[in-house]
Amino acid sequence: MTKIIEKTGKTVEDALNAALIELGVAAENVEYEILETPSKGFFGFGAKPAKIQVKLKEIPEETPEETPVEVPTETIETTEPITNFSANAEEKIEPVLEETKMEPETENVATEEIKSNFDKEKVIDRAKNFLTEVFQAMNIELTVNVLENESEVTFDLVGKDMGILIGKHGQTLDALQYLTNLAANSHDAEEKIYFILDVENYRSRRATALKKLAKSVAERAIRTRQDVRLEPMSRTERKVIHTALQDNSKVETHSAGEDPYRYIIVSPKKKRQ
């Protein structure tokens with residue numbers, strides 16, 4: 001029977017790439033039909049992904065199974081990423097189909113001292129002013145509580161019906177957090193402040209769920225002896241995954257891609273000969 005699947009993505013190309021990964025074939029081995037075209041929203045509100053139906057062509061029997069599959073190496077952002085994380089349910093995690101060729105990279109979690117000539121309050125004010133303008137445009141009334149430490153500043157957003165600012169899997173909150181960091185920090189500045197946006201203690205609940213996800217992903221990597229790539233995450237969330245698995249002697253983690261689509265790859269450690 002011919003295999004037919006449906007996939008969604010930010011673009012038709014992203015949806016097709018996700019389908020190729022799941023089917024484990026190259027583009028010439030499938031036919032696809034566009035069911036829904038993508039549309040943009042505002043900060044994630046009202047955005048609709050592309051949706052396609054992909055049909056697997058019949059592959060000649062003489063094609064050896066071990067023929068390597070050329071999988072696109074570009075960062076793929078879809079509404080159904082390779083690991084579509086849900087804090088309330090365990091989602092399917094697809095392994096990377098080709099060996100990761102990127103050099104290991106450890107998240108930079110070291111805390112740097114703020115130089116005496118760095119105007120921290122000015123940067124914080126820029127971030128608060130940016131958020132104020134955004135919320136005014138969205139007709140949202142809320143209070144911003146500021147929590148500071150040496151390297152990070154957390155904005156705790158308090159108001160009514162704040163769930164709309166979180167979005168699916170925190171995507172809306174992460175997007176707003178990313179834009180806040182861009183708006184507040186000068187591109188050429190030697191010192192920068194990393195801003196974290198939180199709503200209704202979402203970050204703490206998400207961290208707890210991410211630790212459970214890290215354990216599940218590690219077990220998958222060990223069992224299949226293959227790399228497992230997670231969905232794009234913020235720096236704070238990637239740090240949770242790295243920390244959760246740093247004492248696991250059977251796997252190693254590193255980050256790849258560029259923000260805001262930077263993601264983690266969990267790899268089984270190779271046994272020494």
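The paragraphs below lead from a sheet and its aromatic pair to a helix crossing and then to some unusual backbone sites.

The model is predicted, and local features are therefore reported only at pLDDT of at least 70 and side-chain atom pairs only at pLDDT 80 or more, whereas totals for chains, interfaces and linings use all residues. Residues are numbered from 1 along each chain as its sequence is written, and side-chain values use heavy atoms, with hydrogens and water left out.

A convenient place to begin is the open sheet of three strands, which run in the order β4-β5-β6 with mixed pairing. Strands here are DSSP runs of E with at least two residues, helices are runs of H or I with at least four residues, and both are numbered from the N terminus; two strands pair if DSSP finds at least two bridges between them. In general, strands of a sheet pair through backbone hydrogen bonds, either parallel or antiparallel. The edges of this sheet are formed by β4 (142-148) and β6 (194-199), each of which pairs on one side only. On average, neighbouring strands of the sheet are turned by 25 degrees against each other, direction ignored, where axes are lines fitted to C-alpha atoms, for helices over the stretch in contact, and angles run from 0 to 180 degrees between N-to-C directions.

Strand β5 (residues 152-159) pairs with β4 in the antiparallel sense over seven bridges, and the two strands form a hairpin with three residues between them. Within this pairing, V146 stands opposite F155, while N145 stands opposite D156.

F155 also leads to the side chains, for a search of the whole structure finds one aromatic pair. The ring centres of F155 and F195 are 5.3 Å apart and their planes are at 40 degrees, so the pair is tilted; rings of Phe, Tyr and Trp (its six-membered ring) pair if their centres lie within 6.5 Å, and planes under 30 degrees apart count as stacked, over 60 as edge-to-face and the rest as tilted. The pair links distant parts of the chain, with F155 in strand β5 and F195 in strand β6, 40 residues apart. Both F155 and F195 are buried, that is, under 20% relative accessible area, with exposed meaning over 50% and partly exposed in between (1.4 Å probe, protein chains only).

Rings also meet charges in this model. R235 lies over the face of Y194, at 3.9 Å from the ring centre, and the charged end of R229 sits over the ring of Y263, 4.5 Å from its centre; the criterion is that NZ of Lys or CZ of Arg is within 6 Å of the ring centre and within 35 degrees of the ring normal.

Turning to the helices, the axes of α2 (residues 120-137) and α3 (residues 171-184) come within 8 Å and cross at roughly 130 degrees. The two helices are therefore oblique to each other, since angles under 35 degrees count as roughly parallel, over 145 as roughly antiparallel, 65 to 115 as roughly perpendicular and the rest as oblique.

Most residues other than glycine have a negative phi, and most peptide bonds are trans. N139, in the loop between α2 and β4, has a positive phi of about 55 degrees although it is not a glycine, and at 71% relative accessibility N139 counts as exposed. R225, in the loop between α4 (202-224) and β7 (228-229), has a positive phi near 60 degrees and, at 44% relative accessibility, counts as partly exposed. Finally, a cis peptide bond with omega of about 10 degrees joins D259 and P260, and P260 lies in the loop between β8 (251-256) and β9 (263-268).
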